[in-house]
Structures are given as structure tokens and as C-alpha cells.
Amino acid sequence: MDAAPGRIVIGCWLMDAAPGRAADWLPVDADGRRASVMAPAEQSLLNKLIRHNLVNNQNQVEVLQRDPSSPLFSVKTFEELRLKPQLLQGVYNMGFNRPSRIQENALPMMLAEPYQNLIAQSQSGTGKTAAFSLAMLSHVEPSNKWPQCLCITPTYELALQIGFVITQMGKFYPEVQLAYAVRGSRVPRGTLVEQQIVIGTPGTVLDWALKLKVFDPKKIRLFVLDEADIMIGIQGHQDQSIRIQRLLPKDCQMLLLSATFEESVWRFAKRVIPDPIIIKLKREEETLETIKQFYVVCKEKEDKFTALCNIYGILTIAQAMIFCQTRSMALWLCNRLFKEGHQVALLSGELMVEQRAAVIERFRDGKEKVLVTTNVCSRGIDVEQVSIVVNFDLPVDRDGNADNETYLHRIGRTGRFGKRGFAFNLVDSQDSMDIINQIELHFGRKILKLDTDDLDELERIMK
Ligand SMILES: Nc1ncnc2c1ncn2[C@@H]1O[C@H](COP(=O)(O)OP(=O)(O)OP(=O)(O)O)[C@@H](O)[C@H]1O
Ligand SMILES: [Mg+2]
């Protein structure tokens, strides 16, 4: 066991181990029971704040086009795209050596004339934003001082993220300028926007086009809908997006990007984008094959804590995530662990998104070995080196049944790329035993009983 004085890491602040202080400092749910939920737009932003690299993906690309017999173009280098030299310089300056998997196919289509509409779907972090940013910069005629490319995105923060990418990529192309149509950016009535690229949220873009009339939507040649899956989850954005699209010229090129391709995204896409070519990057299936799953029978919360302490030595061999159902439980557990002298990080819903990113970043860098969290962290966030997951509380849905999907997301982050992973489930009642049985049945994989008092057995399974 780690005997160093414990510290709880919360957000970007390190707190000294004064028992009880963390609890005073952090607000806890009034009912103490509600699980943390993260809005999709926040989740997406969080991913971008903590990810500095391309998510490498060698999966198959599927292309569905109107005329299946027409040849498919794909490129292996940025040179083949015949970009303007200033843009090629910008791309290399960002450290991109070659197009990502989705970019190999999407970029030639985004840049080819006559322009074609495109829907591109690939997982978060695979290079979609970088691709359309390059397309926007390429399409602009810099001597024309009016908006020619328009991108709409669900939130203010995501708009700023895209703007940041375009600014970096266009670093050596200063003639092209960018305007943000987001809350708070005021353009006086009667003036005209001169920047060639506009990025904004749907409401403000509509205001700019219709109420303030600071740009002419009929002069837009490229329209991009980024984060379509998130867009449709935000009330009102769908209709506003369609209203914007109707203001644009008939021959305006349209690109729609999404990380998922669920039915709702597809319906939205069909309403907005006429005759699109569709590019999809197949997803790696999450499986439980390389993960060894165990359950530990405990009497109640204290007993679960003891069981956790028994396996704590194992957790710190690699890196572990411990999931609790509520914020207050996560905080309680963190406090207890740290009273025992363990250094753990706490990630929970009341932190600001940047604070959460800082916690995950520290964990990813190995500065903490154990992360205690609620469901906020169970999706989307990749920390590759996690090899152990503890379900301090089992994932249940509103009706108290097993939440198999969340279970898979939680433990699916271990055992990736053929590596071994371990999942420990702490069971404290007949109800939770029933949940284990439901999970076993659902995935058709055995969850083995483990006695955490038996250190020899523990050592044996870890070998
Ligand atoms: N060709 C490339 N080579 C190297 N890095 C790249 C390349 N394209 C993009 N990246 C980097 O990969 C990361 C993810 O790219 P990007 O944000 O474009 O992905 P995305 O598919 O839009 O993700 P999301 O769905 O989360 O918005 C960024 O840090 C970006 O700078
Ligand atoms: Mg993106």
C-alpha cells in the first residue's frame, strides 16, 4: 500500500490531506443520489481539451456515392491535393505529416470541382474538423471581402475550438480572415462583415443574416454543419440549421460531419444535405474478450471499502478507474481512500469542463494512478493505459435493471488492442447480485467470484 500522505486531486487544484476538507469544499447533490450526466456538447469539448493527437485508426472506410461506378479518389499525401503553398505550409506546421484515414477519402471529395455535397462520419478525434477547415480555407477567394464559407456548430465553445484550428492552419495565409457569430460578438447594424469565413452557433448566424443583415447568405459557397450528432441533441438547433440552409444558394456546397451515425443524425442529414456522398469510417467493436471479470461479495458500503483496500495494491500496478453511481458516493470514497493514505484523483460533474480536462490529463500522464469517478467519465474519454476498472457501484438504469451499455463503456476501456484488462464488481445485496447475473446473460461471458481476503488467489489471477 502507498504510505505517502494522501492527496485528493480536484480540478486543477491540489489539496492537502486534511480530513473532511474536501467534503466542505465541494458542493454535493442535495439528494445525494442523482448520477452525474454530461451534456454531449460538453463531452465533445472535454475530449478536445484533453486530446492533443489524432486518434489512430486503420479501420475500413466505406464510401457510398450516387454513381457507384465513378472512380474513387483517395490521397496518401497532402501534396497530392494541390493545396495552395501557404496552406500546405500551415498543415505541415501543425505537425500533420499525412492525411488521416478519413481525410484520405474526404479531402479529395471536399476539394474537387464541381463541388459535391458530403456527409462524413467517423469517431471523435479522427480528423474531421481539420479536413473541413482545410476545405474552407481552400475555397475562399481572398480578394473578395465578404463571407464565403459558413460553419455552424452547437455551442460557443465548440465554435472557438474550430476557429482555433482554422487560425492555425491559415497561419501563412493572412489574407483570409475569420469572424465568430456567437453570443456576445456584436456587429453594429449597417456594417458588413468582411471576413471570408464565418463560424457560429445557429441562432446568432440567423440574427446576422436576417435581423442585422451584416452578411449576405446568398454569397456563401461552402456550408459546413459540424458536430451534427450533437447539434440535433440541442433543442431548436435542428430547425435553425434548416432555416439557415434555406437562405443559401442552391449550388452551395454542403458538408455534414458527425461522430455517430444514428438514425436521428441520418434523418437530420437527409433533411439538410441534398444528394450527398457518404463516407464512413467503420468503428472498432468494443468487446469483452480480453477482459477478465470478477465480482466480490460484500455486506455493505464499509465492507466494499475494505474489499477495495484489499485490492488497492493491484490497482496501482497499472492504472485504475473506480466508478460510483453518485457524486456524493464518489466524494465519500475519495475522502476515505485518502484518509488511508492513498493518492487518488476525483473527477465528477460539478467541476468546470476545463477542470475536468485537467484531472484527466494528469491521470493520463500517470501523475495519479487511481481515478474515482461517476458516469461523466464513462463515455468517450480514452485513457489507453487503464487496465483495471472497479465498479464500486454497478451501473443500473432508472428502473434498477442492469445498464449493460454503460457497463460495456466503463470496462471496455481496458483490454484494448489485445491488452489484458480486469474488471472488479463490488456486490452488496441480492439486487446487485441479480444485476451481475443480468450482465453475464447479456454478454454471454462468465463473471467469476473472487475472495479479496485471499491474497494468494488475487496474486494468481493477476499473473
Ligand atoms: N492528418 C493529421 N495528422 C496528424 N494529426 C491530425 C491530422 N488531422 C487531425 N489531426 C489532429 O488530431 C486531433 C483530432 O482532429 P479533429 O479535431 O480534426 O478530429 P474530429 O474528427 O473533428 O474530432 P471530433 O469528433 O472530436 O470533433 C487534433 O488534435 C488534430 O490536430
Ligand atoms: Mg471535430
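These exercises, each with a worked solution, concern a predicted model.

**Exercise 1. Ligand shell**

Find how many residues surround ligand 1, and identify the closest.

Solution.
- Step 1: The shell holds 20 residues.
- Step 2: The closest are Leu54, Ser124, Gly127, Lys128 and Thr129.
- Step 3: Map the shell to elements. Those that give two or more residues are helix H2 (40-50) and helix H5 (128-139).
- Step 4: Sort by character. The shell has 12 polar, five nonpolar and three charged residues.

**Exercise 2. The eight-strand sheet**

Work out the strand order of the open sheet of eight strands, and locate its edges.

Solution.
- Step 1: The order reads S3-S10-S4-S9-S8-S5-S7-S6.
- Step 2: The pairing is mixed.
- Step 3: Strand S3 (61-64) and strand S6 (178-181) stand at the edges. Each has a single partner strand, so one side of each lacks a neighbour in the sheet.
- Step 4: Take the twist. On average, with direction ignored, neighbouring strands are turned by 15 degrees against each other.
- Step 5: Look at one pair. S4 and strand S10 (residues 277-281) run in the parallel sense and share four bridges. Within this pairing, Leu118 has Ile277 of S10 as its bridge partner.
- Step 6: Add the covering helix. Helix H4 (residues 101-111) lies across S3, S4, strand S9 (253-258) and S10. Its direction makes about 170 degrees with S10.

**Exercise 3. Two residues, Ile119 and Met110**

Decide whether Ile119 is buried or exposed, then do likewise for Met110.

Solution.
- Step 1: Place Ile119. It sits in strand S4 (residues 118-121).
- Step 2: Count its surroundings. Ile119 has 25 other C-beta atoms within 10 Å, so it is buried. The cut-off for buried is 20 or more.
- Step 3: List its contacts beyond four places in sequence. Ile119 touches Leu256, Ala269, Ile273, Pro276 and Ile278.
- Step 4: Relate Ile119 to Ala106. The two are 13 residues apart in sequence, and their C-alpha atoms are 9.0 Å apart.
- Step 5: Turn to Met110, which belongs to helix H4. It has 26 C-beta neighbours inside 10 Å, so Met110 also counts as buried.
- Step 6: List the contacts of Met110, again beyond four places in sequence. They include Leu118, Ala131, Phe132, Ala135 and Leu255.
- Step 7: Check one of these partners. Ala131 is 21 residues from Met110 in sequence, at a C-alpha to C-alpha distance of 8.3 Å.

**Exercise 4. Strand S16**

Explain why strand S16 (residues 421-427) is largely enclosed, and name its partner strands.

Solution.
- Step 1: Count. Seven of the seven residues of S16 are buried, so the rest of the structure largely encloses this strand.
- Step 2: Recall the rule. Side chains of a regular strand alternate between the two faces of the sheet.
- Step 3: Split S16 by face. Gly421, Ala423, Asn425 and Val427 are on one side, and Phe422, Phe424 and Leu426 are on the other. Both faces are covered.
- Step 4: Find the partners. Strand S11 (residues 291-297) pairs with S16 in the parallel sense over seven bridges. Strand S15 (residues 386-391) also pairs with S16 in the parallel sense, over four bridges.
- Step 5: Follow Ala423. Gln293 stands opposite Ala423, and Val389 has Ala423 as its bridge partner.

**Exercise 5. A helix pair**

Describe how helix H7 (residues 202-211) packs against helix H9 (residues 237-247).

Solution.
- Step 1: The packing angle is about 35 degrees, and the axes are 9 Å apart.
- Step 2: The crossing of H7 past H9 is left-handed.
- Step 3: H7 contributes Pro202, Gly203, Val205, Leu206 and Ala209. H9 contributes His237, Gln240, Ser241, Arg243, Ile244 and Leu247.
- Step 4: By character, the contact has six nonpolar, four polar and one charged residue.

**Exercise 6. Backbone features in loops**

Identify the peptide bond that is cis, then examine phi at Arg82 and Lys213.

Solution.
- Step 1: The bond from Glu113 to Pro114 is cis, with omega near -5 degrees. Pro114 lies in the loop between H4 and S4.
- Step 2: Arg82 is not a glycine, yet its phi is positive, near 50 degrees. It lies in the loop between S3 and helix H3 (85-93). With 10 C-beta neighbours inside 10 Å, Arg82 is exposed.
- Step 3: Lys213 also has a positive phi, about 50 degrees. Its loop lies between H7 and strand S8 (222-225). With 13 C-beta neighbours inside 10 Å, Lys213 is partly exposed.

Technical notes
Residues are numbered from 1 along each chain as its sequence is written. Chains are lettered from A and ligands numbered from 1 in the order in which they are written. This is a predicted model: local features need pLDDT of at least 70, side-chain atom pairs count only at pLDDT 80 or more; totals for chains, interfaces and linings use all residues. A residue is near a molecule or strand if its C-beta atom, placed from the backbone, lies within 6 Å of it. Ala, Val, Leu, Ile, Met, Phe, Trp, Tyr, Cys and Pro count as nonpolar, Asp, Glu, Lys and Arg as charged, and the others, Gly among them, as polar. A residue is buried if 20 or more other C-beta atoms lie within 10 Å of its own, exposed if 12 or fewer, and partly exposed in between; C-beta atoms are placed from the backbone. Two strands pair if DSSP finds at least two bridges between them. Axes are lines fitted to C-alpha atoms, for helices over the stretch in contact, and angles run from 0 to 180 degrees between N-to-C directions. A crossing is left-handed if the near helix is turned anticlockwise from the far one by less than a right angle, and right-handed if clockwise. Two residues are in contact if their C-beta atoms, placed from the backbone, lie within 7 Å.
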